[in-house]
Amino acid sequence: MSLHPVVAEVTERIGERSRDTRAAYLSRIQSAVVQGTHRARLSCGNIAHGFAACGEHDKTALRDGHAPNIGIVTAYNDMLSAHQPYERYPALIRDIARDAGFTAQVAGGVPAMCDGVTQGRSGMELSLFSRDLIAMATAVALSHDMFDGALYLGICDKIVPGLLIGALSFGHLPGVFVPSGPMPSGISNEQKSKVRQAYAEGKASRAELLEAEAGSYHSPGTCTFYGTANSNQMLMEIMGLHLPGASFVAPDTPLRDALTAEAVRRSAALSKSGEDLPIGHIVDERAIVNGVIGLHATGGSTNHLLHLVAIAQAAGIALRWEDFDALSSAIPLLARVYPNGYADVNQFHEAGGMGFLIDQLLSAGLLHGDARTVTGTTLADYAKIPSLDASGKLVWTPVSKESGNRGVLRGMAEPFRADGGLRMVHGNIGRAVIKVSSVPDDRLVIEAPAVVFHDQDEIKGAFDRGELNRDFIAVVRFQGPRANGMPELHKLTPPLAVLQDRGYRIALVTDGRMSGASGRVPAAIHVTPEADDGGAIAKIRNGDIIRLDALHGTLDVLVDAAEFAERAPAIGDLSTHQHGMGRELFSMFRRNAMPADLGAGVL
């Protein structure tokens with residue numbers, strides 16, 4: 001199947017825009033490739049430090065210097081359910097490496113905070129910037145010139161993007177991303193959502209809410225809703241950085257261990273002379289476009305309109321929001337996973353998962369099937385499902401052409417929507433992103449008076465006082481990267497969902513984030529320029545009529561242009577944020593943060 005013209009056009013445009021920066025990046029990593037393994041040129045004192053703690057077998061192999069040495073960069077901690085399974089991975093990886101005649105060492109660990117724990121707390125203000133800190137920590141881990149390749153162990157929200165940005169800074173090294181898989185399904189996400197809304201209305205107790213939450217988040221593994229963590233896994237597979245079908249296999253199972261073992265072997269194979277495929281070559285324009293397409297086709301997390309831009313930049317590629325928008329019109333929505341539907345990622349995987357999704361998109365010319373991958377082949381090889389044969393050997397078989405559950409996953413002939421789930425809007429308020437994959441059709445255009453807030457807790461207070469029982473557009477500002485680190489505003493979801501269910505026409509406009517959980521309420525997020533950087537959102541007043549039109553891609557405050565231009569912007573009260581624990585450590589990030597449409601990072 002020939003490549004769809006929109007996909008071809010967008011890819012060509014990105015390539016042309018990135019010509020100089022990509023060439024400079026490739027030149028830099030090629031220079032490092034030509035120099036070869038640096039370990040052989042370390043001084044005797046350097047190399048002795050590098051293998052001092054190893055056992056005799058590994059020490060001998062490292063002294064000899066001929067076999068690959070694989071660096072492990074791990075985001076393990078046992079507070080994060082998604083990362084707890086990684087506890088035993090280093091030992092497993094070292095054993096596999098020894099059996100195959102090479103070595104592996106833990107190169108370093110990276111921070112791994114849980115947005116689920118920090119939601120609504122001051123710690124959430126550190127969340128987005130932790131991505132850049134993780135990237136730096138990854139680079140530090142790889143800086144010892146001891147490694148011929150790397151394995152990256154990470155799952156959740158900022159962790160995978162941070163690992164990948166760091167990996168691309170050492171883009172001459174081959175690298176494989178190693179997932180750990182989702183936890184078993186607990187109570188349904190719809191049931192959990194209903195309890196949350198009941199609690200917001202005072203109709204459920206804290207004990208009932210805690211019971212529902214604990215029934216959803218209940219064991220090791222990734223949370224099963226389709227937020228940023230599981231969007232990360234989809235991206236790593238469709239960008240060719242996971243093994244085929246690896247993303248959503250359950251943790252601590254024979255198949256998961258077999259996939260991990262094969263990832264270790266692939267990393268060594270990629271590191272050997274003659275099959276060298278650095279991660280900086282895999283992540284090219286084709287891989288980036290494939291990632292954007294996967295995001296659209298699955299209704300993935302809006303956080304990736306920040307992360308993918310920053311990842312692309314790390315590889316010398318200039319991805320822009322306009323590219324997301326252009327691709328959206330051509331990419332159908334093929335998956336409905338909560339909060340865009342009733343199912344979780346386990347049901348998505350059982351219905352055919354990534355193999356089915358990739359096969360369907362390839363069949364329509366909507367992916368770059370020639371994009372290179374960590375398998376040593378191309379993405380065209382990813383329309384397969386892994387399993388263990390009777391002897392316990394890992395095998396891949398072609399995916400079925402029929403979905404195992406049409407309520408979760410569909411083919412090109414019957415998509416859930418004809419276009420993607422993410423759109424751009426722009427107007428006199430600025431530029432923003434809206435996720436429409438689960439917004440009812442009659443809510444795609446909202447025109448209503450503004451009610452202005454400077455903190456998400458203010459909305460909860462107004463809701464509790466009964467002040468929001470009407471049509472309105474909530475404007476929540478001073479929530480951007482320069483103001484307070486751009487925290488996710490998930491506290492907004494239950495009260496706004498309750499008000500929408502009561503029949504009111506409401507929407508949200510904010511320079512903050514809502515992640516993959518923005519749900520059914522129309523939300524124009526990531527408004528840029530942000531309020532703390534001279535954005536027009538700082539000029540909006542209570543009662544101003546705002547029109548959010550996701551159909552035509554517009555976002556405007558309906559105020560006389562001359563009057564609006566003359567208005568003095570509001571000034572945010574950041575006193576509540578300046579004394580949060582650890583907040584002062586991130587003044588560098590806050591001061592130097594780029595706008596949201598350029599990735600909201602400092603790298």
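**A parallel sheet, two helix contacts and four backbone details**

Leucine 153 stands opposite valine 178 of strand E4. The structure is a predicted model, and this residue pair is a convenient place to enter it. Leucine 153 belongs to strand E3, which spans residues 149-153. Strand E3 runs parallel to E4 and is joined to it by four bridges. Another facing pair along these strands is tyrosine 152 with phenylalanine 177, the latter in E4.

The pairing of E3 with E4 is part of an open sheet of four strands, in the order E2-E1-E3-E4, with parallel pairing. At the edges lie strand E2, residues 103-109, and strand E4, residues 175-178, each of which pairs on one side only. From one strand to the next the twist averages 25°. On the E2 side of the sheet, six bridges join E1 to E2, and these two strands run parallel. Glycine 71 has glutamine 105 in E2 as its bridge partner.

How are the edge strands covered? In a regular strand, side chains alternate between the two faces of the sheet. In E4, Gly175 and Phe177 lie on one side, Val176 and Val178 lie on the other, and all of them are buried. Both faces of E4 are therefore covered, given that buried means under 20% relative accessible area. Val178, the residue opposite leucine 153, is thus one of the buried residues of this edge strand. The other edge strand, E2, is mostly covered, with five of its seven residues buried.

A helix also lies across the sheet. Helix H12, made of residues 254-271, lies across strand E1 (69-74), E3 and E4. The angle between H12 and E3 is about 150°.

Next come the helix contacts, beginning with helix H9. This helix covers residues 189-200, 12 residues in total. From its first C-alpha to its last it reaches 16 Å, close to the 16 Å expected at 1.5 Å a residue. Its buried residues are Asn189, Lys192, Ser193, Val195, Gln197, Ala198 and Ala200. What do the buried residues of H9 pack against? They pack against three helices: H10 (206-216), H19 (456-464) and H21 (493-501).

For H9 and H21, the axes are 9 Å apart and the packing angle is about 90°. Angles of 65 to 115 degrees count as roughly perpendicular, and H9 and H21 are therefore roughly perpendicular to each other. On the H9 side the contact uses Arg196, Gln197 and Ala200, which meet Pro494, Pro495, Ala497, Val498 and Asp501 of H21. By class, this contact has five nonpolar, one polar and two charged residues. Gln197 and Ala200 also appear among the buried residues of H9.

Helices H14 (residues 285-298) and H15 (residues 304-314) form another contact, with axes that come within 11 Å and cross at roughly 170°. An angle over 145 degrees counts as roughly antiparallel, so H14 and H15 are roughly antiparallel to each other. H14 contributes Ile288, Gly291, Val292 and Leu295, while H15 contributes His304, Leu308, Ile311 and Ala312. These residues divide into six nonpolar, two polar and no charged.

The remaining points concern the backbone. Two peptide bonds that lead into prolines are cis. The bond from tyrosine 338 to proline 339 is cis with omega near 15°, and proline 339 sits in the loop between helix H16 (321-328) and helix H17 (345-350). The bond joining threonine 528 and proline 529 is cis with omega about 0°. Proline 529 is in the loop between strand E12 (523-528) and strand E13 (545-549).

Strand E12 also holds histidine 526, which has a positive phi of about 60° although it is not a glycine. Is histidine 526 buried or exposed? Histidine 526 is buried, with a relative accessible area of 0%.

Aspartate 145 also has a positive phi, near 60°, and is likewise a residue other than glycine. Aspartate 145 is placed in the loop between helix H7 (127-141) and E3, the strand that contains leucine 153. With a relative accessible area of 30%, aspartate 145 is partly exposed.

Technical notes: Residues numbered from 1 in each chain as written. Predicted model: local features only at pLDDT ≥ 70, side-chain atom pairs only at ≥ 80, totals over all residues. Heavy atoms only, no water. Axes fitted to C-alpha atoms, helices over the stretch in contact; angles between N-to-C directions. Parallel < 35°, antiparallel > 145°, perpendicular 65-115°, else oblique. Contact = heavy atoms within 4.5 Å. Nonpolar A, V, L, I, M, F, W, Y, C, P; charged D, E, K, R; others polar. Pairing = 2+ DSSP bridges. Expected span 1.5 Å × (residues − 1). Buried < 20%, exposed > 50% of the residue type's maximum accessible area, 1.4 Å probe, protein only.
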